[in-house]
Amino acid sequence: VVEFGPGGGYYTRQIAEYPSVRHFHVVELNKIFLAYIADRLVTIEKDSFNFSAHCTDFFTIDITDADAIIMMNTLHHIPNREELFRKLHDTLRPGGRILCIDPSHYISRIRQLIDKILSPGYVKKMVAGARNVSTHHFCTLGESRKLARKTGFRIVDVHYDAAWKFIPVRLLNRLAIMLGSHWLRRTILHKYLSQVIMVV
């Protein structure tokens with residue numbers, strides 16, 4: 001299993017401790033984050049477990065036959081996604097999976113951007129060339145589908161968060177749980193009101 005861009009490692013130990021994970025690679029650009037994560041992974045007591053920590057971007061490492069690549073809050077920071085996914089394609093074994101969880105670019109994100117642009121001084125800073133006005137490139141399902149087509153992948157699962165206090169979405173979630181239905185938790189309401197998208 002490879003975790004790409006774990007940051008401070010919020011879920012890293014949980015992933016590493018999963019019973020079937022035997023070989024675990026962490027790829028992170030920030031040396032401080034990487035040292036923090038490595039100190040905690042070395043204490044894992046599990047039979048036949050080993051890990052490696054790579055302080056680099058994904059393009060310079062040579063990992064093959066990975067069963068899974070996990071990217072949480074990572075993909076929206078990467079501009080050259082097509083190049084990245086071609087590299088990931090070479091990293092995975094046949095049948096391997098990539099899990100991407102990122103902020104979504106739908107109604108809630110657009111509302112946040114409008115609020116940001118309308119905030120006092122934002123446009124002035126942007127015109128002056130300030131570097132802290134970045135909004136990142138958040139993700140949509142359409143973009144994921146296009147990326148998959150171009151790089152030889154196939155999307156096998158999609159979920160949206162449902163954290164909104166929007167009554168129709170909450171009712172759909174309750175009904176889905178009662179009926180054990182997954183598609184009821186992936187409606188157009190979930191999609192366009194989501195703040196997070198998960199794509200496999």
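Helices here are DSSP runs of H or I with at least four residues, numbered from the N terminus. With that in hand, let's walk through this predicted model, starting on its outside and working inward.

Our starting point is a nonpolar patch on the surface. I110, I114, I117, L118, V123 and V127 make up this patch, and together they have about 580 Å² of accessible area. Two elements give two or more residues each to the patch: α4, covering 107-118, and α5, covering 122-127. Helix α4 provides the largest share, with 4 residues. V123 is a good residue to look at on the α5 side, since its place is in that helix. How accessible is V123? Its relative accessible area is 42%, and V123 is called partly exposed because that value falls between the 20% and 50% limits. A patch residue needs over 30% relative accessible area, so V123, at 42%, passes that limit too.

From the surface, we can turn to the open spaces. The largest pocket has a volume of about 420 Å³. Its lining is made of 21 residues, and those nearest the centre of the pocket are L92, G96, I98, F153 and R154. If you would like to trace the walls by secondary structure, look at α3 (81-91), β5 (92-103) and α6 (141-151), each of which supplies at least two lining residues. Strand β5 gives the largest share of this lining, 8 residues. What is the chemical make-up of the lining of the largest pocket? It divides into 13 nonpolar, 5 polar and 3 charged residues.

The second largest pocket holds about 330 Å³ of space. It is lined by 16 residues, with F4, L29, T74, H77 and I78 closest to its centre. By class, the lining of this second largest pocket comprises 8 nonpolar, 6 polar and 2 charged residues.

Next come the enclosed spaces. Rolling a probe the size of a water molecule over the atoms shows where empty space is left. How many cavities of 30 Å³ or more does a search of the whole structure find? The search turns up 1, and the largest cavity contains about 40 Å³ of space. The residues around this cavity are L75, C100, I101, D102, C139, S144, I197 and V199. Strands β5 and β7 (196-199) each contribute at least two residues to the cavity lining, and β5 accounts for the largest share, 3 residues. Strand β5 therefore has the largest share in the linings of both the largest pocket and the largest cavity, given strands taken as DSSP runs of E. Sorted by class, the cavity lining has 6 nonpolar residues, 1 polar residue and 1 charged residue.

Our last stop is the charged side chains. The structure holds 6 salt bridges, and three of them are worth a visit here. One of these joins E17 and R13, with the closest N and O atoms 2.8 Å apart. Both partners are partly exposed: E17 has a relative accessibility of 40%, and R13 has one of 31%.

Another salt bridge brings together the side chains of R81 and E143, at 2.8 Å from N to O. This pair connects distant parts of the chain, with R81 in helix α3 and E143 in helix α6, 62 residues apart. Is each of these two partners buried or partly exposed? R81 counts as buried because its relative accessibility is 6%, which is under the 20% limit. E143, in contrast, is partly exposed, with a relative accessible area of 24%.

The third pair is E82 and K150, whose closest N and O atoms are 3.6 Å apart. This bridge also links distant parts of the chain: E82 lies in helix α3 and K150 in helix α6, 68 residues apart. E82 is partly exposed at 31% relative accessible area, and K150 is likewise partly exposed at 41%. The pair belongs to something wider, as salt bridges with shared partners join E82, R86 and K150 into one network.

Definitions and conventions:
Residues numbered from 1 in each chain as written. Predicted model: local features only at pLDDT ≥ 70, side-chain atom pairs only at ≥ 80, totals over all residues. Heavy atoms only, no water. 1 Å grid on protein atoms, 1.4 Å probe; cavity = no way out; pocket = protein on both sides within 12 Å on 5 of 7 lines; lining within 4 Å. Points joined across faces, edges and corners; volume = space filled by probe spheres on them. Nonpolar A, V, L, I, M, F, W, Y, C, P; charged D, E, K, R; others polar. Patch = residues over 30% accessible without salt bridge, like charges linked within 9 Å, V, L, I, M, F, W, Y side chains within 5 Å. Areas by Shrake-Rupley, 256 points an atom, 1.4 Å probe, with all protein chains shown as cover. Salt bridge = Lys/Arg side-chain N within 4 Å of Asp/Glu carboxyl O. Buried < 20%, exposed > 50% of the residue type's maximum accessible area, 1.4 Å probe, protein only.
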